[in-house]
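I opened the notebook today to look up a few things in this structure. My notes are below, in the order I took them.

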Amino acid sequence: MKKEAQVIVVTSGKGGVGKTTTSASIASCLALMGQKTVVIDFDVGLRNLDLVMGCERRVVYDIVHVIHGEAHLNQALIRDKRCENLYILPASQTKDKDALAKEGVKKIIDELKSRFDYIVCDSPAGIENGAMSALYFADIAIVVTNPEISSVRDSDRILGLLASKSFRAENDLAPVKEHLLITRYHPDRVQRGEMLSMEDVVSILSIPLVGIIPESESVLKASNQGLPVSFDNESIAAQAYYDATRRLLGEEVPFRFTEAKKTGFFSRIMDALTTETA
Amino acid sequence: MKLYDIILKKLGMSSDASASANVARDRLQIIVAHHKNNTFPENDQTVTKIKQDILKVLSKYYPSADFSNVNIQLEKDGEQAMLQIDLTIPESEVVT
């Protein structure tokens, strides 16, 4: 008997914090670990996931074509060339805000549940249609947050919506399992008192921390190439995403990449003499 | 600032209470706590409409007052709601 598939929403409220990067990376990690995974782009009108996954030239049908019955799910699903467990369902380019109706999305998710172990829903920014559709059927939520004041407030808002406007909330089921993922973390800036620390963010949002992704140049390089950063073994962001995925699957993994560089007293003096005052 | 403090600060070794991250954290603690306390069964739009109606009533009785600096807080504490209004009524309007 196949274990019940889990629906994971990757959301944030705030834009530009790393939802699509996270969706692509975590979906890739899950697939590379042997889990049959599909990642769905829930944006309405602006496709992004296909670019980050590197399959933009293979998009023929999208989620709205399937909802409207113009295509079968099979025709819209794109299999990743690098990993056979990984599939992508692209977003529509339509401007119709009501394109992602609940019944239509439910049908797709139910069909996907019979074929996959994990369904990752990449939410757009905001709290409009696309974002609400993405979180509605979630069992698990990864709330992507930058250590920055607007992002933290928006994440708090999204947590409120997960607790009140999800299918689970409306039907009195066990609540969506919320996880915090801090992205673009810069331990040196935290130490200098310029950036909120992971302890600050966790204590303000009060949900379990599933991962800390350090700021890394490898993320831009990866999206330039259409390669989810998880495929780049050298990257500290990739390694952090692996750690996060393992925690998602229940493993206890110590947090890496959270400490500032320990430099000697002398090199600190040299740094101080040669850098500008903030 | 003493030379010692300047050196420590440059070396990133002083925990300056006014460090920007601390300011951000303190601001967030107020915002998020306020949001948690202010959860009325009605949504935020209703609270805004209540505030607007209060301002209309005040303007009726103090027609030449400037209410741009008025502060209206509607908060919930458990089962009770608390309404707090801070405003300045101009001298000319005060009836003795």
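These entries go from one chain as a whole to helix packing, charged pairs, backbone angles and two single residues.

**Entry 1: chain B as a whole**

I reminded myself at the start that this is a predicted model. I then counted the elements of chain B and got 3 helices and 2 strands. Reading from the N terminus, I wrote their order down as α-α-α-β-β, with the helices ahead of the strands.

Next I looked up burial: 19% of the 96 residues in chain B count as buried. For its accessible surface I noted about 7,400 Å², and carbon and sulfur atoms account for 54% of that. I also checked contacts between residues at least 6 apart in the sequence of chain B, and 45% of these join residues at least 24 apart.

**Entry 2: two helices of chain A**

I turned to helix H7 (residues 149-164) and helix H10 (residues 198-205) of chain A. Their axes are 10 Å apart, and the packing angle is about 30°. I noted the crossing of H7(A) past H10(A) as right-handed.

Which residues make the contact between H7(A) and H10(A)? From H7(A) I listed A:Val152, A:Ser155, A:Asp156 and A:Leu159; from H10(A) come A:Val201, A:Ile204 and A:Leu205. Sorted by type, the residues of this contact are 5 nonpolar, 1 polar and 1 charged.

**Entry 3: charged pairs**

A reminder to myself: side chains of opposite charge can pair when their charged atoms come close. Over all chains, I found 15 salt bridges in the structure, and I followed up three pairs.

The first pair I took was A:Arg47 with A:Asp62, where the closest N and O atoms are 3.3 Å apart. A:Arg47 sits in the loop between strand S2 (37-41) and helix H2 (49-53) of chain A, and A:Asp62 in the loop between H2 and helix H3 (63-67), so this salt bridge ties together parts that lie 15 residues apart in sequence. Are these two partners, A:Arg47 and A:Asp62, buried or exposed? I found both of them buried.

Then I looked at A:Asp200 and B:Arg25, a salt bridge with its closest N and O atoms 3.6 Å apart. A:Asp200 belongs to helix H10 of chain A and B:Arg25 to helix H2 (residues 20-37) of chain B, so this pair joins two chains. I checked accessibility on each side. A:Asp200 has a relative accessibility of 12%, so I put it down as buried. B:Arg25 has 23%, so it goes down as partly exposed.

My last pair was A:Arg246 with A:Glu251, with 2.8 Å between the closest N and O atoms. I noted A:Arg246 as partly exposed at 31% relative accessibility, and A:Glu251 as partly exposed too, at 40%. Salt bridges with shared partners link A:Asp243, A:Arg246, A:Glu251 and A:Arg256 into one network.

**Entry 4: positive phi**

Most residues other than glycine have a negative phi. With that in mind, I wrote down two that go the other way.

A:Asp172 is not a glycine, yet its phi is positive, at about 55°. I located A:Asp172 in the loop between helix H8 (167-170) and strand S7 (177-185) of chain A. Its relative accessibility is 77%, so I marked A:Asp172 as exposed.

A:Ser206 also has a positive phi, near 55°. This serine is in the loop between H10 and strand S8 (209-214) of chain A. At 54% relative accessibility, A:Ser206 counts as exposed.

**Entry 5: two buried residues**

Where does A:Ser197 lie? I found it in the loop between helix H9 (187-191) and H10 of chain A. A:Ser197 has a relative accessible area of 11% and is buried. Setting aside neighbours within four places in sequence, I saw A:Ser197 in contact with A:Tyr185 and A:Val190.

I finished with A:Val52, which belongs to helix H2 of chain A. A:Val52 is buried, with 15% relative accessible area. Not counting residues up to four places away in sequence, A:Val52 touches A:Thr20, A:Ala24, A:Gly226, A:Leu227 and A:Pro228. I also noted how A:Val52 stands to A:Ser223: they are 171 residues apart in sequence, while their C-alpha atoms are 5.0 Å apart in space.

Note on methods. Residues numbered from 1 in each chain as written. Chains lettered and ligands numbered in written order. Predicted model: local features only at pLDDT ≥ 70, side-chain atom pairs only at ≥ 80, totals over all residues. Heavy atoms only, no water. Helix = DSSP H or I, 4+ residues; strand = E, 2+ residues; numbered from the N terminus. Buried < 20%, exposed > 50% of the residue type's maximum accessible area, 1.4 Å probe, protein only. Contact = heavy atoms within 4.5 Å. Areas by Shrake-Rupley, 256 points an atom, 1.4 Å probe, with all protein chains shown as cover. Axes fitted to C-alpha atoms, helices over the stretch in contact; angles between N-to-C directions. Left-handed = near helix turned anticlockwise from the far one by under 90°. Nonpolar A, V, L, I, M, F, W, Y, C, P; charged D, E, K, R; others polar. Salt bridge = Lys/Arg side-chain N within 4 Å of Asp/Glu carboxyl O.
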